[in-house]
Amino acid sequence: MQIGMIGLGKMGLNLVKNMIRNGNEVVAFDLNADNVKLAEEAGAIAATSNEDLVSKLQAPKTVWIMVPAGKPTDSTVEELVGLLSEGDYLIDGGNSFYEDSLRHSKIAAEQGINFFDCGTSGGKDGALNGGNFMIGGPSKEAFEHLVPLFEGISEKDGYLYTGEPGSGHYLKMVHNGIEYGMMEAIGEGYDVLHNSQFEYDNEAVAKVWSHGSVIRGWLMELAEEAFAKDANLDNIAGVMHSSGEGKWTIQEALKLGVPVPVIANSLFVRNYSEADDTFTGKVVSSLRNGFGGHAMDMKK
Ligand SMILES: O=C(O)[C@H](O)[C@@H](O)[C@H](O)[C@H](O)COP(=O)(O)O
C-alpha cells in the first residue's frame, strides 16, 4: 500500500526502509532535508512539507507520524487533520501519552479521519527488520485496512489491535514501565557481581544466562553485546535518563491505587543517577552525625 511518513529520525527512517522492503510505496517528509534525502536514497518519494506529502497520496490516504511526543506530535496531528479527508487514516507511531492520543483521536474523528495510536517497540533494529506494534483505534473494521501494512513490517505475531482509541499508547506506556523494572533488576544483579569476591567475566555471564536460563531474553543479549565492547563498562557514566513513559505508568498506577514498587523505584534510581549530589544525602548525613556522631563526607 501507499504510506506517507512524517518524521525520519532513527525510528522513522528505519520504518520507511522496512515498509519499502515489504512492497509499500512511501512518501517521506522531515523538517531536516538531509533525512528526506536519506529516505529518498532508500527508495521513498521525497516531500517538501506535510501538505506536499498529503497531496502526493491517493485516497484513502494513510499517514504515519513518527515525531517526538508532546508539542511536535500535537502540532503535526492538528495540521494533518486539516489536510486529510473523511475516510483517511492517520497513525501516531511515537511514544505519545495516551491522554494526548485520546484528544487526537477525538479531533480526527470529528473530520471522519481514522486515527490510530500505535505504540512502537523493538528499537531501531525492530523498526528496520520487524517491529512490535500495539495499536488502538476507532474500530476493528477500520483497522482491517492497515493489516497488510502491519503484517509486513512486524515481527511474526508482533502486532495487536488493542481496541478503543488510546489503548495502544496505554499498552506501550505499561510496556515501558515493565522495561524500567527489568533493566533495573539486571543492572542491580550485575552490580552485586561486580562488587563480589569473585572475578566474573560479564560478557560470559550474559552469554550463559542467554542460553536456557529463566532470565534469558533480548535485554540479556544486549548486555552481552555491551560487555563485548567494554568488559566492565569503564567508559560509560552510570547516568540513566528517561523519556516519560515510566513516570506516566507510575502516575496511572497511583490514580488506580495499584502498587508498583519495582517500577516506581526504577524511576527514582534513574532520577538519582542524574544528580551529582543530592540534598537528601546532605540531610541524612547531617542527621546521622547529629544522633550518632557518624562521620560526614565534606565537600572538597
Ligand atoms: O519499546 C521500545 O522499543 C523502547 O521502550 C523505546 O520505545 C524507547 O527506547 C523508550 O522510549 C526509551 O524510554 P526511556 O527513555 O524512558 O528509557
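Two strands pair if DSSP finds at least two bridges between them. Keep that in mind as you click around, and remember that this is a predicted model.

**Zoom out first**

Show the whole chain as a cartoon. You have 14 helices and 8 strands to look at. The C-alpha atoms fill a box of roughly 75 × 40 × 35 Å along the principal axes. Of the 300 residues, 42% are buried. Among contacts with a separation of 6 or more, 63% join residues 24 or more positions apart.

**Colour the strands**

Now pick out the sheet. Its 8 strands make an open sheet in the order 3-2-1-4-5-6-7-8, and the pairing is mixed. Select 45-46 and 154-163: these are strand 3 and strand 8, which stand at the edges with a single partner strand each, so one side of each has no neighbour in the sheet.

**Select 114-121**

This is strand 6, our base for the tour. Is it buried or exposed? Of its 8 residues, 8 are buried, so strand 6 is largely enclosed by the rest of the structure. Turn on the side chains. In a regular strand, side chains alternate between the two faces of the sheet. Here, Asn 114, Phe 116, Cys 118 and Thr 120 point one way, while Phe 115, Asp 117, Gly 119 and Ser 121 point the other, and all are buried.

**Step to one side: 89-92**

Add strand 5 to your selection. Strand 5 runs parallel to strand 6, and the two pair over 4 bridges. To find the register, label Tyr 89, whose bridge partner in strand 6 is Asn 114. Then label Ile 91, which stands opposite Phe 116 of strand 6.

How does the chain get from strand 5 to strand 6? Select 98-110 as well. That is helix 5, and together with strand 5 and strand 6 it makes a right-handed β-α-β unit.

**Step to the other side: 131-136**

Next comes strand 7. In which sense does it pair with strand 6, parallel or antiparallel? The pairing is antiparallel, over 5 bridges. Two pairs are worth labelling here: Gly 119 has Met 134 as its bridge partner in strand 7, and Asp 117 has Gly 136. Strand 7 is mostly covered too, with 5 of its 6 residues buried.

Carry on outwards to strand 8. Strand 7 and strand 8 pair in the parallel sense over 5 bridges. Met 134 turns up again here, this time with Leu 160 in strand 8 as its bridge partner.

**Bring in the long selection: 167-195**

Show helix 9. Helix 9 lies across strand 5, strand 6, strand 7 and strand 8, and runs at about 15° to strand 6.

**Last stop: 71-83 with 98-110**

Hide the sheet and keep helix 4 and helix 5. Two packed helices are described by the angle between their axes and the distance between the axes. For helix 4 and helix 5, the angle is about 10° and the axes are 10 Å apart. Angles under 35 degrees count as roughly parallel, and helix 4 and helix 5 are therefore roughly parallel to each other.

Finally, show the residues where they meet. From helix 4, pick Thr 73, Asp 74, Val 77, Glu 78 and Val 81; from helix 5, pick Arg 103, His 104, Ile 107 and Ala 108. What classes of residue are in this contact? There are 4 nonpolar, 2 polar and 3 charged residues.

Definitions and conventions. Residues are numbered from 1 along each chain as its sequence is written. This is a predicted model: local features need pLDDT of at least 70, side-chain atom pairs count only at pLDDT 80 or more; totals for chains, interfaces and linings use all residues. Side-chain values use heavy atoms; hydrogens and water are left out. Buried means under 20% relative accessible area, exposed over 50%, partly exposed in between (1.4 Å probe, protein chains only). A crossover is right-handed if, with the strands pointing away from the viewer, the path from the first strand over the helix to the second runs clockwise. Axes are lines fitted to C-alpha atoms, for helices over the stretch in contact, and angles run from 0 to 180 degrees between N-to-C directions. Angles under 35 degrees count as roughly parallel, over 145 as roughly antiparallel, 65 to 115 as roughly perpendicular and the rest as oblique. Contact means heavy atoms within 4.5 Å. Ala, Val, Leu, Ile, Met, Phe, Trp, Tyr, Cys and Pro count as nonpolar, Asp, Glu, Lys and Arg as charged, and the others, Gly among them, as polar.
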